[in-house]
Amino acid sequence: MSGSHRITKHTVLSSGLHDADIRPPALLNEFKRLSLRDAAHFLGDPSTWHPVPCTACGQDAPTPAFVKEGFPYTQCGHCDSLYVNPRPRTDAVTRYYAESEASRYRVAQFSEASAPQRRIHLARSRASWIAQVADTHLELEEPAYGDWKPYSAAILEEVSEQGRFGACIGIEPLVPLDGVAGATSPETLPRLDVISAFEKLEHQSAPEQFLHRLSEQLNPGGLLFLTTRTCSGFDLQVLWDKAPYIFVPEHMNLLSIEGLELLLQRCGLELIELSTPGQLDVELVLQALAADPSVVLPPFAKPLLTQRGPLAHQDFQAFLQKHRLSSHVRLVARRPKP
Ligand SMILES: [Zn+2]
């Protein structure tokens, strides 16, 4: 498992990002409240849910990890991924995302279009990442690009502005997209050369099926760009069940770095990049520490976070990025050519 760490690309970033720029606390709190309320309504009684093997590696070796707001998380004994298990039926989860007020709230409040900081830190930086990797790994003149279920047209506009792509399509967009193309069903969607799915993997009820679906939509040799949250990250390792921004059904899968590699292998995808360019682990732990008296830091983290200054925090965050120990992960995988 560790061998591929040496060959896949990884990246270190610093853009002055702060948590409040992309997740204003008041909006996040309301979104969490609605999510938990709607989960209780749409997903039914947890006693009726079904057990699943690890949603990353497929092995069935779960150990109870914690219960969060009534939702049981287990940890895989093989790859250490965290996942909700037992879990609700796929059709219930699909209905939740299609019909819940929480989903509508997310689209209205968290779209990149609604705040300039989100647009710069998310849509623009993602578009630049996609264009750079495509330049290196695709030899096509005008590859066709699609984003999976975009919340707004921002990512499509930003990718289009890079000037690298032909078509830029919103795949089953969650809102009507002004001025850019959208494909509302698999029948109307052409095969694509590049597909992105930002922060979608963590709330899939069946991640393997999800990646197969995306892979089948790619031309052979095409690239898949994913971002998600990993339980291998520092803030989640330290805060564990006390991480206030982890909730169901948004975070049904908090897969480990090793688990993500195994998941891509199981889906027949070749890993090109696996980075954790997160900039927020230290900030998120400090926020949780200030807000929740029951948070207890491990002996190593306590002096680092409470007695050293901003320079130590900055250096440590860079170390986490460099060694794939931040919880924000991004991946690029290729559908192999036959
Ligand atoms: Zn596993």
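**Buried charges, a zinc site and two cores**

Colleague: Let's start with Glu 158: is its side buried or exposed?
Modeller: In this predicted model, Glu 158 has a relative accessible area of 4%. The cut-off for burial is under 20%. With 4%, Glu 158 is therefore buried.

Colleague: Which residue does Arg 124 form a salt bridge with?
Modeller: Arg 124 sits in helix α5 (residues 116-137), and its partner, 34 residues apart, is in helix α6 (residues 154-161). Arg 124 itself counts as partly exposed, at 40% relative accessibility. The closest N and O atoms of the pair are 3.1 Å apart, and the partner is Glu 158.

Colleague: Which residues are linked with Arg 124 and Glu 158 in a network of salt bridges?
Modeller: The structure holds 17 salt bridges. In the network you're asking about, Arg 124 and Glu 158 are joined by Arg 119 and Glu 157.

Colleague: How far apart in sequence are the parts that Glu 250 and Arg 106 tie together?
Modeller: Their side chains meet in a salt bridge, at 2.9 Å from N to O, and both Glu 250 and Arg 106 are buried. Glu 250 lies in the loop between α8 (234-239) and β9 (253-254), while Arg 106 belongs to helix α4 (residues 101-110). So the parts this pair ties together are apart in sequence by 144 residues.

Colleague: On to the metal: which residues coordinate the zinc ion?
Modeller: The donors follow the spacing C-x2-C-x18-C-x2-C along the chain. Each donor is an SG atom, with distances of 2.3 to 2.4 Å. The residues are Cys 54, Cys 57, Cys 76 and Cys 79.

Colleague: And what is the geometry at the site of the zinc ion?
Modeller: The angles among the 4 donor atoms run from 103 to 118 degrees. Four donors count as tetrahedral if all angles lie between 85 and 135 degrees. The zinc site therefore comes out as tetrahedral.

Colleague: Which residue in contact with the side chain of Asn 253 makes a polar contact at 2.9 Å?
Modeller: Asn 253 is in strand β9 and is buried, with a relative accessible area of 1%. Its side chain also has a polar atom 3.1 Å from the backbone oxygen of Leu 201. Beyond four places in sequence, Asn 253 touches residues including Leu 82, Tyr 83, Arg 87 and His 203. The side-chain partner at 2.9 Å is Thr 55.

Colleague: Which helix gives the largest share of the largest nonpolar core?
Modeller: That core has 44 residues, and those with the most contacts inside it are Leu 43, Phe 234, Tyr 245 and Leu 305. The largest share is 6 residues, and it comes from helix α2.

Colleague: How many residues are in the second, separate core?
Modeller: Among its members are Ile 169, Ala 197, Leu 226 and Leu 269. The count for this second core is 35 residues.

Colleague: Last one: which residue meets Asp 235 in a salt bridge?
Modeller: Asp 235 is buried, at a relative accessible area of 0%. Tyr 245 is in contact with both partners of this bridge, as well as with Leu 28, His 251 and Leu 284, among others. The partner counts as buried too, at 12% relative accessibility. The N to O distance is 3.8 Å, and the residue is Arg 229.

Key: Residues numbered from 1 in each chain as written. Predicted model: local features only at pLDDT ≥ 70, side-chain atom pairs only at ≥ 80, totals over all residues. Heavy atoms only, no water. Donors = N, O, S within 2.8 Å, 3.2 Å for Na, K, Ca; no water. Tetrahedral: all angles 85-135°; square planar, octahedral: opposite > 155°, others 65-115°. Core = buried A, V, L, I, M, F, W, Y, C linked by side-chain atoms within 4.5 Å. Buried < 20%, exposed > 50% of the residue type's maximum accessible area, 1.4 Å probe, protein only. Helix = DSSP H or I, 4+ residues; strand = E, 2+ residues; numbered from the N terminus. Contact = heavy atoms within 4.5 Å. Salt bridge = Lys/Arg side-chain N within 4 Å of Asp/Glu carboxyl O. Polar contact = N/O pair within 3.5 Å; in protein donor to acceptor, adjacent residues only side chain to side chain.
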